[in-house]
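This report describes one protein chain, from a single residue to the whole fold. The sequence and structure are shown first.

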Amino acid sequence: MDTFAALAHGMAVAVQPMNLLYALIGVFLGTAVGVLPGIGPALTVALLLPVTYKLDPGGSLIMFAGIYYGGMYGGSTTAILINTPGESASMATALEGNKMAKAGRGGPALATSAIGSFVAGTIATIGLAFLAPWLVDFAVRFGPEDYFALMCVAFVTVSATFGDSPIRGLTSLFIGLTLGLVGIDKLTGQARLAFGVPELLDGVEVTTLAVGLFAVGEALYVASRRHHTEEKLEPVRGSLWMTKQDWKRSWKPWLRGTMFGFPIGALPAGGAEIPTFLSYSTEKRLTKHPEEFGKGAIEGVAGPEAANNASAAGTLVPLLTLGLPTSATAAMMLAGFQQYGLNPGPLLFAERPDLVWGLIASLFIANCMLLVLNLPLVGLWVRLLAIPQPWLYAGILVFATMGTIAAKPSVVELSMLAGFGVLGFLMRRFDFPIAPVVVGLILGPIAESQLRRALAISLGDPVTLLQSPISATLLGIALVALLAPFVLKGMGRFKANED
């Protein structure tokens, strides 16, 4: 009953005119950037971080969540029309969606994608509202050693799941952890890795790192690729609406996709790619029309799109309750919280219930807005693809620079932005994942302070980390998650040699 009361209070916050405006701006921007290949919600939130630092925290976070949801919706439009997923999570949608578009059924494909996303997003947001308080009650019992173990799980799972190589993921993480050491040590008051630069005594700004890695790095990477294959835009032919048969074939995949997306999205090593491909393979097995798969089966669009959007709500569960980001966009949202001096976790539910429940309630509103925006405005989203890439990325560079200057006018800050931009370019060029760097910078100092607190309480005895059942279990999970990719790779090589 408390959840219903909290949700009602959150809805009262979310329907305030300014918050509705923030939600509308968020879903509009999110859909627009989801449509543009290569510019995902993580990059957009990173660009907006320095611009929004003086705005209302609640409204800004509602806008960021709207961008996240909108990006998931928008990515399916290009996946269906030009076989170019705007987001990696839309790759499964492209398999059948583009075949439907080429067969003249782009309208029903876009419709089942939008309605499936709405259904899944709504159900998953209800799940978030009821699961979050339970997780908060559990997290309140955590001691410093348990929090440190939890951070270790986050470090390992994020490093192992972002990118193709766990070694590269861990390398990216250690870059972030090293950057997190810059500044004044809160315990001893000594300067660390500041190299005599006064501006570095406050530490590395998360917004500068995020904008540099995501926005400037992406712009430099796109500029470095000279040869681009021209995408042939598939016009939407016929009616946008679905037939009775389409509805009949879509509603079960919507529900099944939601069941895949929400729990996997809520896991520390979840993400949206795994549930979308699980949903696609499940629909392929369960379909009554196997001959249509590979030629444009509507189930192959409905299921993955539902899983995609449900996972977006799922990633907010560990973010809001434990402060753990499980995707690049969630890491950017965590940076947004920290920008306003807020730390997501169980205490946030007690200290700022209006902000947390307003954010959760705004997701229902964002879902409705997205459904209204996506079906009638498909023509507008498609026209966005005509923007020349040089104009687009030149605008991003200008916006990134201006935002950084507005947040912290300093030559050192701009030099760091350029440096992080080059680092982001090199990491993309050599296939190193970007998100673990941001996660390392944000969570590294928190993990360090919790470890030092735990050791101070136990008078320096490291065994205290294994005495708590929660921390021992979490450290065991972290160890398994760290070793599993290497063991599986070794088994694969052994099997290949045997063959």
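In which helix is G421 found? G421 lies in helix α18 (residues 411-429), helices being DSSP runs of H or I with at least four residues and strands runs of E with at least two, numbered from the N terminus. The model is predicted, so that local features need pLDDT of at least 70 and side-chain atom pairs pLDDT 80 or more, while totals for chains, interfaces and linings use all residues. Residues are numbered from 1 along each chain as its sequence is written, and side-chain values use heavy atoms, without hydrogens and water.

G421 counts as buried because its relative accessibility is 0% (buried: under 20% relative accessible area, 1.4 Å probe, protein chains only). Beyond its neighbours within four places in sequence, G421 contacts G212, V216, G217 and L220, contact meaning heavy atoms within 4.5 Å. The C-alpha atoms of G421 and Y221 are 9.6 Å apart, across 200 residues of sequence.

A helix pair offers a second view. The axes of α4 and α13 come within 10 Å and cross at roughly 175°, which makes α4 roughly antiparallel to α13 (an angle over 145 degrees, on a scale from 0 to 180 degrees between N-to-C directions of lines fitted to C-alpha atoms over the stretch in contact).

| Helix | Residues | Contact residues |
|---|---|---|
| α4 | 57-82 | L61, F64, A65, Y68 |
| α13 | 328-339 | T329, M333, G336, F337 |

The chain as a whole has 21 helices and two strands. Of its 499 residues, 55% are buried.

Note on methods
Angles under 35 degrees count as roughly parallel, over 145 as roughly antiparallel, 65 to 115 as roughly perpendicular and the rest as oblique. Buried means under 20% relative accessible area, exposed over 50%, partly exposed in between (1.4 Å probe, protein chains only).
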